[in-house]
2 protein chains.
Amino acid sequence: MTKVTIFGSGNMGTAIASVLTAGGASVEHIGSEGGTITGDIVVLAVPYPALEAIVASHGDQLAGKIVVDITNPLDFSTFDSLVVADGTSAAAGLAAALPSSHVLKAFNTNFAATLGTTKIGELETTVLIAGDDETAKQNLASLVTAGGVEAIDAGSLKRAHELEAVGFLQLTLAASEKISWTGGFGVVR
Amino acid sequence: MTKVTIFGSGNMGTAIASVLTAGGASVEHIGSEGGTITGDIVVLAVPYPALEAIVASHGDQLAGKIVVDITNPLDFSTFDSLVVADGTSAAAGLAAALPSSHVLKAFNTNFAATLGTTKIGELETTVLIAGDDETAKQNLASLVTAGGVEAIDAGSLKRAHELEAVGFLQLTLAASEKISWTGGFGVVR
């Protein structure tokens, strides 16, 4: 049984836990008090600004593990830009801070509701996964698909820039009520 | 009757013409030989590198008109980056070159087949439109929806950066056969 540790138990942490548990994983949550990481896959289901503290407090424990960044690093004061440098990504920054981990970008293009129901409209929900370690991507994709959600390998970790652009755009559309929080971008194969 | 001039009659130019004609517009095409622009809305359905020549040859005629940029400025030699500067967009560059035009970004997140059929899987095809002129966006959206395709105002022209990221990602997914050229990102409201 794959052990998964999820930092955070908000909407996204809970929704991701439901998918991965349905996929056969044993899931534990770690809150802001911290704790010992037992999972081989670690999902950082926290807001972007919280990543830095997790790296500082748990970076050593994350070595050798698959670390999943789900963040959308928006400037929430303006909803008009990201707080990471142009052309880069939160995931790239995390990978630089955790050189001994296998960092993946995933789940940032999914609203929590579409993970919970495994549907976006009439479509199956699809998790887009970017990363430089093929085995790590396959491990996460296998758990996700076993949990009833589609998964697509979106390419190298460099593609996290585009995934974060998709997540950003989707958040602006929902915040401006052009789409609902149960909708967004679905993937048609 | 709205007059539309479309530069280019490839897959995209033809598909866009079919939607706008169905929406009640009178459409004329201009090829690489150039010609007189009669449309109030001008769609540049050409590859990104062709924009510069159109600006040079027809920039004066484009003053006061709604100019629609549909390009995805990929580096097609690598399929791994865009050729525009980080944080900017082809559309922003076009707007800077055509300061007297109302530049919109649209259609770049739609594969031609999904415009031709007005469907992406079981979903209605959605055209995402970004631009700084509200009336221009509304005019194009009205034609598109009258032509049987959904339209969503994706925000200011600054959002062209995100639309181009979506288009780029979608092209990489199709080129690597993760999705088909009749699929891609659909929008669920």
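This is a short dialogue on reading the sheet, the helix packing and the chain pairing in a predicted model.

Visitor: Let's start with the sheet. What is the order of the strands in chain A?

Guide: Strands of a sheet pair through backbone hydrogen bonds, either parallel or antiparallel. Here, chain A has an open sheet of 7 strands, in the order β2-β1-β3-β4-β5-β8-β9, and the pairing is mixed. β2 (26–30) and β9 (150–155) of chain A stand at the edges with a single partner strand each, so one side of each has no neighbour in the sheet. On average, neighbouring strands of this sheet are turned by 25° against each other, direction ignored.

Visitor: Do show me one pair. In which sense do β1 and β2 of chain A pair, parallel or antiparallel?

Guide: Strand β1 (residues 3–7) of chain A pairs with β2(A) in the parallel sense, over 5 bridges. To find your place in that pair, look for Phe7(A), which stands opposite Ile30(A) in β2(A).

Visitor: Which strands does helix α3 of chain A lie across?

Guide: Helix α3 (residues 90–97) of chain A lies across β3 (41–44), β4 (66–69) and β5 (102–105) of chain A, and runs at about 170° to β5(A). The other chain contributes too: helix α6 (residues 160–175) of chain B packs on the sheet, where α6 of chain B touches β8 (126–131) and β9 of chain A, at about 100° to the direction of β9(A).

Visitor: And within chain A, how do helices α1 and α5 pack?

Guide: Helix α1 (residues 11–22) and helix α5 (residues 134–146) of chain A pack at about 85°, with their axes 6 Å apart. Angles of 65 to 115 degrees count as roughly perpendicular, and α1(A) and α5(A) are therefore roughly perpendicular to each other. Val19(A), Leu20(A) and Ala22(A) of α1(A) meet Leu143(A), Val144(A) and Ala146(A) of α5(A). The residues of this contact divide into 6 nonpolar, no polar and no charged.

Visitor: Now the two chains. How is chain A related to chain B?

Guide: Two copies of a chain are related by a rotation about an axis and a shift along it. Here, a turn of 180° and a shift of 0.0 Å along the axis lay chain A on chain B with an RMSD of 0.0 Å. The two copies are thus related as by a two-fold rotation axis. Also, 100% of the interface residues of chain A are interface residues in chain B, so the copies meet through the same surface.

Visitor: At what angle do α6(A) and α6(B) pack?

Guide: They pack at about 125°, with their axes 8 Å apart, which makes α6(A) oblique to α6(B). Their crossing is left-handed. Among the residues in contact are Phe168(A) and Leu169(A) of α6(A), and Phe168(B) and Leu169(B) of α6(B).

Notes: Residues numbered from 1 in each chain as written. Chains lettered and ligands numbered in written order. Predicted model: local features only at pLDDT ≥ 70, side-chain atom pairs only at ≥ 80, totals over all residues. Heavy atoms only, no water. Pairing = 2+ DSSP bridges. Helix = DSSP H or I, 4+ residues; strand = E, 2+ residues; numbered from the N terminus. Axes fitted to C-alpha atoms, helices over the stretch in contact; angles between N-to-C directions. Contact = heavy atoms within 4.5 Å. Least-squares fit on C-alpha atoms with pLDDT ≥ 70 in both. Parallel < 35°, antiparallel > 145°, perpendicular 65-115°, else oblique. Left-handed = near helix turned anticlockwise from the far one by under 90°. Nonpolar A, V, L, I, M, F, W, Y, C, P; charged D, E, K, R; others polar.
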